[in-house]
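Q: I'm new to reading protein structures. Could you walk me through this one, a feature at a time?

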Amino acid sequence: MTHRLVLIGPPGSGKGTQARRLAERLKIMHLSMGDALRTEAARGSPIGKEVQGYLDRGELVPVELTNRILAQRIEHADGFLLDGYPRSLEQARFLESITTIDHAILIDVSDEVSVERIAGRRICSVCGKEYHARFAPPKIDGKCDDDGGELVQRSDHSPEIVRNRLLIYHEQTEPVISFYKERLLRIDGEQPIDTVFSAILAALGE
Ligand code: AMP
């Protein structure tokens, strides 16, 4: 049987990492709404520029756009894992109107851990490889191990924007947790990556 899953968690909860591994293991389509929006922004079109503004401020982009991306991507998918969607009750209701979700997986971490993890993140400006000043440092400070590219901070990873994103998470995304309460799998996200991954698989009965 295939899975139709959503993955919820604050910034820095490890959603993206777990989503990539889960989609591969369960052989289901993975949609990262954040990645889809960053791709849209990188086009540099008028809509792309508008999207970039929301990303830079750490705010949710308008639902018309996320609805369109979502509908296009899940239309022909049998099983799927939505990473970073839904992030508001309005989005959860829209999703429910077009498909049925089996489980919502919540990766839970405290605000302190969220800020610490995000603020230390760096990405290679050439290949996009991810590093962390404390948890996954490069061999040479500020340089990518693979291609020597300069390591930079994503615009929405500054401490100020992370705090704004947490505020939005508590106000707009937390109600989504209650929306899915009968289908919710709550996972402690402050454990090591492999432990979180095993806990999710066990909760899914895999
Ligand atoms: P993420 O890559 O999941 O950390 O998301 C990065 C940013 O993309 C968020 O701070 C929002 O600005 C935007 N974003 C991601 N998912 C959504 C969503 N479901 N609805 C609105 N905006 C979103």
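Q: Which residues come nearest to the ligand?
A: One thing to keep in mind as we go: this is a predicted model. When you look at a ligand site, start with the residues around it. Here there are 17 of them, and Arg38, Glu59, Arg87, Gln91 and Arg165 come nearest.

Q: How do I read the polar contacts, and which atom of the ligand does Glu59 sit beside?
A: Look for pairs of N or O atoms within 3.5 Å. In the case of Glu59, the backbone does the job: one of its N or O atoms is 2.5 Å from an oxygen atom of the ligand. Arg87 uses its side chain instead, with an N or O atom there 2.8 Å from a nitrogen atom of the ligand. Then there's Arg165, which places a polar side-chain atom 2.6 Å from a ligand oxygen atom.

Q: How much of the ligand's accessible area does the protein cover?
A: You take the area of the ligand on its own and ask what share is covered. On its own, this ligand has 490 Å² of accessible area, and the protein covers 95% of that.

Q: Which elements give two or more residues to the shell around the ligand?
A: Those are α2 (33-42) and α3 (46-57). The largest share, four residues, comes from α2.

Q: What kinds of residues make up that shell?
A: Sort them by type. You get seven nonpolar, four polar and six charged residues.

Q: Let's zoom out. How many helices and strands does the protein chain have?
A: Eight helices and eight strands.

Q: What does the radius of gyration tell me about the protein chain?
A: You compare it with what a compact globule of that length would have. For 206 residues that would be near 17 Å, and the protein chain has 17 Å, so the two agree. If you like to picture a box, the C-alpha trace spans about 45 × 40 × 30 Å along its principal axes.

Q: What share of the residues counts as buried?
A: Of the 206 residues in the protein chain, 44%. As for the outside, the chain exposes about 10,700 Å², and carbon and sulfur atoms supply 50% of that.

Q: What share of the contacts links residues 24 or more positions apart?
A: Take the contacts with a separation of 6 or more. In this chain, residues 24 or more positions apart account for 71% of them.

Q: Where can I see residues that are far apart in sequence coming together in space?
A: Try Arg21, which is in helix α1. Arg21 and Phe197 are 176 residues apart in sequence, yet their C-alpha atoms are 7.9 Å apart. Skipping neighbours within four places in sequence, Arg21 is in contact with Ile193, Asp194 and Phe197.

Q: Is Ala41 buried or exposed?
A: To decide, check the relative accessibility against the cut-off: buried means under 20%. Ala41 has 7%, so it counts as buried. This residue is in helix α2. Outside the four nearest places in sequence, Ala41 touches Gly48, Val51, Gln52 and Leu55.

Q: What does Ser114 touch?
A: Ser114 is in helix α6 (residues 111-119). Its relative accessibility is 0%, so it counts as buried. Leaving out neighbours within four places, Ser114 is in contact with Pro11, Val109, Val162 and Leu166.

Q: What should I look for in the backbone itself?
A: Watch for exceptions to two habits. Most residues other than glycine have a negative phi, and most peptide bonds are trans.

Q: Which residue has a positive phi although it is not a glycine?
A: That's Lys27, with a phi of about 55°. Lys27 lies in the loop between α1 (15-26) and β2 (29-32). With 72% relative accessibility, Lys27 counts as exposed.

Q: Which two residues does a cis peptide bond join?
A: Tyr85 and Pro86, where omega is about 0°. Pro86 lies in the loop between β3 (80-83) and α5 (89-98).

Q: Which residues is Asn67 in contact with?
A: Beyond its neighbours within four places in sequence, Asn67 is in contact with Tyr85 and Phe94, so you meet Tyr85 from the cis bond again. Asn67 itself is found in helix α4 (residues 63-74) and is buried, with a relative accessible area of 18%.

Methods:
Residues numbered from 1 in each chain as written. Predicted model: local features only at pLDDT ≥ 70, side-chain atom pairs only at ≥ 80, totals over all residues. Heavy atoms only, no water. Near = heavy atom within 4 Å. Polar contact = N/O pair within 3.5 Å; in protein donor to acceptor, adjacent residues only side chain to side chain. Areas by Shrake-Rupley, 256 points an atom, 1.4 Å probe, with all protein chains shown as cover. Nonpolar A, V, L, I, M, F, W, Y, C, P; charged D, E, K, R; others polar. Rg over C-alpha atoms; globule rule 2.2 N^0.38 Å. Buried < 20%, exposed > 50% of the residue type's maximum accessible area, 1.4 Å probe, protein only. Contact = heavy atoms within 4.5 Å.
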